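Reader: I would like to learn how to read individual residues in a model of this kind, and how far to trust what I read. Could we go through it step by step?

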Amino acid sequence: QIFNQHNAEAPNLEPAFHRMAQMEPNLDHDVSWFLLPSYWAKMVVALISFLCFANSYDGDFVFDDSEAIINNKDLRAETPLGDLWYHDFWGSKLSSNTSHKSYRPLTVLTFRINYLFAGGFYPVGFHVINIILHCTISVLMVDVFSILLGGLQFSSKGRRLNLAPKSSLLAALLFAVHPVHTECVAGIVGRADLLCALFFLLSFLGYCKAFKENKEGHTFSVFWVLVSVVLGAIAMLCKEQGITILGLNAVFDALVINKINLLELIRKLLYKDKSLENAGLLRKGLLFRITLLMCGGAGILYIRWRIMGTGPPAFTEVDNPASFADSLFVRAINYNYYYSLNAWLLLCPWWLCFDWSMGCIPLIKSVSDWRIIALAALWFCLIGLICQALCSEDSHKRRILTLGLGFLIIPFLPASNLFFRVGFVVAERVIYLPSIGYCILFTYGFSLLSKQAKKKKILAVAVLGILLINVTRCALRSSQWRSEEQLFRSALSVCPLNAKVHYNVGKNLADKGNQSAAIKYYREAVRLNPKYVHAMNNLGNILKERNELHEAEELLSLAVQIQPDFAAAWMNLGIVQNSLRRFEEAEQSYWTAIKHRKKYPDCYYNLGRLYADLNRHIDALNAWRNATVLKPEHSLAWNNMIILLDNTGNLAQAEAVGREALELIPNDHSLMFSLANVLGKSQKYKESEALFLKAIKANPNAASYHGNLAVLYHRWGNLDLAKKHYEVSLKLDPTAPGTKENYNLLRRKLEQLQKKGG
């Protein structure tokens with residue numbers, strides 16, 4: 001049932017209210033919407049927000065999850081907890097030149113706790129926490145919107161009253177089901193935004209808790225103001241946007257607690273009016289509270305600056321092309337166009353994409369570009385709202401519009417490129433907090449329409465339809481975030497000009513072994529962005545594996561020419577040159593890769609293979625030893641050392657290396673096999689047999705394992721067992737070199753023994 005009654009939830013309100021809002025009109029009076037008790041309203045919001053994103057609970061790790069979680073050493077127990085405070089979100093040292101400078105230690109700590117309780121990288125637990133966080137935030141929104149839309153009022157017993165139950169429920173539902181939130185909820189790295197929002201809201205509610213009513217008049221609690229500052233700091237340690245809550249608390253204080261008329265205040269400041277105190281600036285401790293907020297914010301930012309260092313993060317042109325434009329005009333026009341796109345995503349969140357960079361949004365370079373209309377529309381709406389927020393004679397309207405614009409704009413400022421360059425063009429995740437302002441403005445607009453409409457129920461049904469459409473869109477979008485294949489392919493129709501989309505589709509196909517299809521997408525990525533070195537590198541790798549060496553060399557050479565410090569491309573170029581038997585060039589490429597990435601175990605491994613091909617055995621062993629020092633679990637490097645020492649007759653040294661390797665990687669069957677071969681040649685048959693059998697148990701379908709165990713039994717004199725394993729080996733691989741000859745020798749020997757016995 002849809003009701004129009006004024007505050008039907010609480011007909012017997014206690015008489016003593018906050019004086020500041022006694023005579024203000026109630027927004028719910030004009031809102032045609034469902035009226036529910038507070039407890040049930042929160043239950044409905046929680047349930048609907050859960051239904052929107054529930055199908056993402058068993059999704060995979062996708063997109064940035066790999067770098068932030070799977071490849072992040074800060075999640076592992078061997079990394080000291082203290083290191084989290086000196087590393088960025090991706091696990092790199094903040095002092096490093098390559099650091100992203102995104103400082104979110106509390107978010108990383110929650111990932112680490114997830115990893116600890118799950119006993120490994122199992123995504124279900126990570127996703128469940130994200131869904132719970134969004135449900136919790138949506139429930140808190142009921143209280144937040146009741147304050148923002150209905151005002152801050154208390155009973156004589158100090159209990160906060162909800163004077164806008166219908167409006168706050170509608171706004172909270174709009175927030176809970178907004179499809180633009182899918183990236184934050186269904187993408188695990190979106191937890192940074194969720195945790196930031198949680199403490200952001202707690203900081204706001206804590207600030208509201210500072211104000212009570214007693215018989216002497218207005219009082220406030222310094223304790224709760226300080227709690228609000230601390231919660232704001234915690235929000236910032238989850239994500240950088242969290243610091244903006246301190247500014248919003250100050251705006252709320254001025255507008256709601258002190259009921260300052262901004263236009264009147266500006267006039268008095270301009271004309272140096274001495275009656276500023278009467279305007280509310282010095283009343284009720286406003287200046288003192290704002291000073292506390294400013295000092296707290298400045299202290300938090302200073303500590304953050306000291307930890308991060310003075311250098312800004314280094315982004316490339318493909319991340320944010322507008323910020324690299326030479327013309328100030330081009331930069332300004334494109335930044336404003338990006339703002340209009342963010343506004344459109346809030347208004348019509350149908351076209352969603354995991355990444356909006358790399359040509360997805362071509363630069364506007366002249367005023368003749370038709371997209372200028374979007375900028376004009378944005379500023380026309382904003383200026384209209386700002387004029388109403390400043391100039392309206394209705395104080396209630398001024399307050400709601402100013403708070404709506406404040407919550408829309410202020411949390412977005414860190415992503416606006418105004419203060420520093422950001423590493424993206426448009427990012428849906430950064431709209432999570434600004435959507436609060438959108439929900440306020442939408443709900444207020446709905447109340448105005450309801451006031452004018454004759455058939456209020458039709459309007460309510462239309463809004464209900466919007467909510468249902470958004471719920472459906474959330475569920476569909478959540479399903480796309482369940483796997484990388486669905487996520488990347490969903491972006492092809494939204495951003496067909498985005499080279500990164502084609503690159504990610506190609507990479508996903510290559511990981512699944514579909515090289516032919518991967519080549520097609522990698523080529524398209526390079527066509528769209530001729531300087532896309534990562535696409536060139538991956539395409540070169542596939543062509544190398546398909547023995548198309550000359551084209552692979554061209555691509556990799558171009559990649560290192562465009563980005564001379566691209567260590568992976570240098571190493572892959574060395575592999576191709578080695579295959580082309582241009583050994584000197586290959587060696588030079590390997591050393592260039594190591595120059596740009598000193599801790600590069602895979603490059604040392606490939607360098608060792610080059611030296612082995614050149615019979616430079618000492619150099620090969622040194623290179624492989626470097627690989628194992630940098631990466632103790634580098635099985636291939638250990639194996640090659642054992643095999644090279646075995647082949648050169650250094651059995652004792654080969655045995656020592658093999659035992660060392662197995663201590664570090666005790667379950668590696670290839671190492672067991674290599675060491676078993678060495679022990680067999682050293683006539684340590686019993687120990688060799690045990691290792692062969694253990695390797696076969698781990699990998700029973702390896703023909704060489706059975707074949708070499710048969711050779712061991714042959715030497716040892718266990719001819720029946722030798723015959724058995726020769727036969728198993730030949731069954732698994734009938735063309736195995738040497739096995740058939742050894743088997744025939746054994747059969748002749750067995751026949752001779754039978755003749756002698758006969």
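Author: What follows is a short dialogue on confidence, on one loop residue and on one helix residue.

Reader: What is the mean pLDDT of the protein, and where does pLDDT stay under 50?

Author: This is a predicted model, and its mean pLDDT is 88, with 93% of the residues reaching 70 or more. Over residues 1-23, however, pLDDT stays under 50, although the model has 60 contacts there beyond four places in sequence. Where pLDDT is low, the predicted coordinates should not be read in detail.

Reader: Where does Tyr432 lie, and does Tyr432 count as buried or exposed?

Author: Tyr432 belongs to the loop that runs between helix H14 (395-409) and helix H15 (435-452). Because buried means under 20% relative accessible area, Tyr432, at 1% relative accessibility, counts as buried.

Reader: Which residues does Tyr432 touch, not counting those up to four places away in sequence?

Author: They are His134, Ile137, Phe175, His181, Cys184, Asp193, Leu194 and Ala197. With His134 there is also a polar contact of 2.7 Å between the two side chains. As for distance along the chain, Tyr432 and His178 are 254 residues apart, yet their C-alpha atoms are separated by 9.2 Å.

Reader: What is Leu292 in contact with, leaving aside its neighbours within four places in sequence?

Author: Leu292, which is found in helix H11 (residues 286-308), is in contact with Val222, Val225, Leu226 and Val229. Leu292 and Ile69, 223 residues apart in sequence, are 37 Å apart in space, taken from C-alpha to C-alpha.

Conventions:
Residues are numbered from 1 along each chain as its sequence is written. This is a predicted model: local features need pLDDT of at least 70, side-chain atom pairs count only at pLDDT 80 or more; totals for chains, interfaces and linings use all residues. Side-chain values use heavy atoms; hydrogens and water are left out. Helices (H or I, at least four residues) and strands (E, at least two) are DSSP runs, numbered from the N terminus. Buried means under 20% relative accessible area, exposed over 50%, partly exposed in between (1.4 Å probe, protein chains only). Contact means heavy atoms within 4.5 Å. A polar contact is a pair of N or O atoms within 3.5 Å; within protein, one must be able to donate a hydrogen and the other to accept it, and residues adjacent in sequence count only if both atoms are side-chain atoms. pLDDT is the predictor's confidence in each residue, from 0 to 100.
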